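Colleague: Could you walk me through this model? I have a few questions ready.

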Amino acid sequence: MKTLTHSSLHRRARSAFSFFEVLMFVAIVGVMVGIAVPMISQNDAVYAARDRRNAQELCSTCMMAQAAQLDFVQGDSVMDTVRAIVRGGVSVRGAMRGRVFVVPGLSEEDMKGAAKYLQVRDGQLVYTSEEVSTGGGQRL
C-alpha cells in the first residue's frame with residue numbers, strides 16, 4: 001500500500017488556488033469590466049458627435065458657397081452633394097470671387113456618417129440634429 005509523504009501532500013495543496021486568490025481575481029475582473037463597459041458604449045456617442053459636427057461644417061460651407069453663387073447641390077442626392085463639397089470649388093464671380101470653398105480631409109466613412117444628418121430640400125443642403133431616414137425618396 002502506498003502512503004503519501006509530507007512533501008507530496010504539500011505539493012498537492014500548493015497546486016490549487018486559495019479561496020482568497022479566487023475572490024481577488026473576481027474582484028479585479030469586475031473592476032476592469034466596470035471601467036470598460038461605459039467606455040465601449042461611449043464610443044457610439046463620440047462617433048455621433050463627430051458625424052454631427054462634420055454635417056454642420058458641410059452645411060455651413062454649402063450655404064456660404066451658395067451665397068457666393070457657387071452651387072454644390074447635386075439634385076436630390078445627399079452623398080453626391082457631400083462629395084462635391086469635399087472636392088471643393090472656387091467662386092468665379094461676385095464679391096467672393098477667388099474664394100475657395102472646401103471641407104478637406106473627410107474619409108468616405110466620415111462623409112457617410114455626416115450624410116445621416118443632412119437633407120436636400122428646395123435646392124439647399126439642410127442640417128438636422130436627428131438621423132435622417134433614407135426611406136422617403138432621399139438618395140444617399
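Colleague: Where is Arg99 found?

Modeller: Happy to help! This is a predicted model, in which local features need pLDDT of at least 70, side-chain atom pairs count only at pLDDT 80 or more, and totals for chains, interfaces and linings use all residues. Residues are numbered from 1 along each chain as its sequence is written, and side-chain values use heavy atoms, leaving out hydrogens and water. With helices (H or I, at least four residues) and strands (E, at least two) taken as DSSP runs numbered from the N terminus, Arg99 sits in the loop between strand E1 (89–90) and strand E2 (100–101).

Colleague: Is Arg99 buried, partly exposed or exposed?

Modeller: Buried means under 20% relative accessible area, exposed over 50%, and partly exposed in between (1.4 Å probe, protein chains only). Arg99 has a relative accessible area of 48%, so Arg99 is partly exposed.

Colleague: Which residues is Arg99 in contact with, leaving aside neighbours within four places in sequence?

Modeller: Contact means heavy atoms within 4.5 Å. By that criterion, the partners of Arg99 are Gly89, Val90 and Ser91.

Colleague: How are H2 and H4 oriented to each other?

Modeller: Axes are lines fitted to C-alpha atoms, for helices over the stretch in contact, with angles from 0 to 180 degrees between N-to-C directions. The two axes come within 8 Å and cross at roughly 85 degrees. Angles under 35 degrees count as roughly parallel, over 145 as roughly antiparallel, 65 to 115 as roughly perpendicular and the rest as oblique. H2 and H4 are therefore roughly perpendicular.

Colleague: Which residues of H4 meet H2?

Modeller: On the H2 side, the contact involves Arg50, Asp51, Asn54, Ala55 and Leu58. Their partners in H4 are Glu109, Asp110, Gly113 and Ala114.
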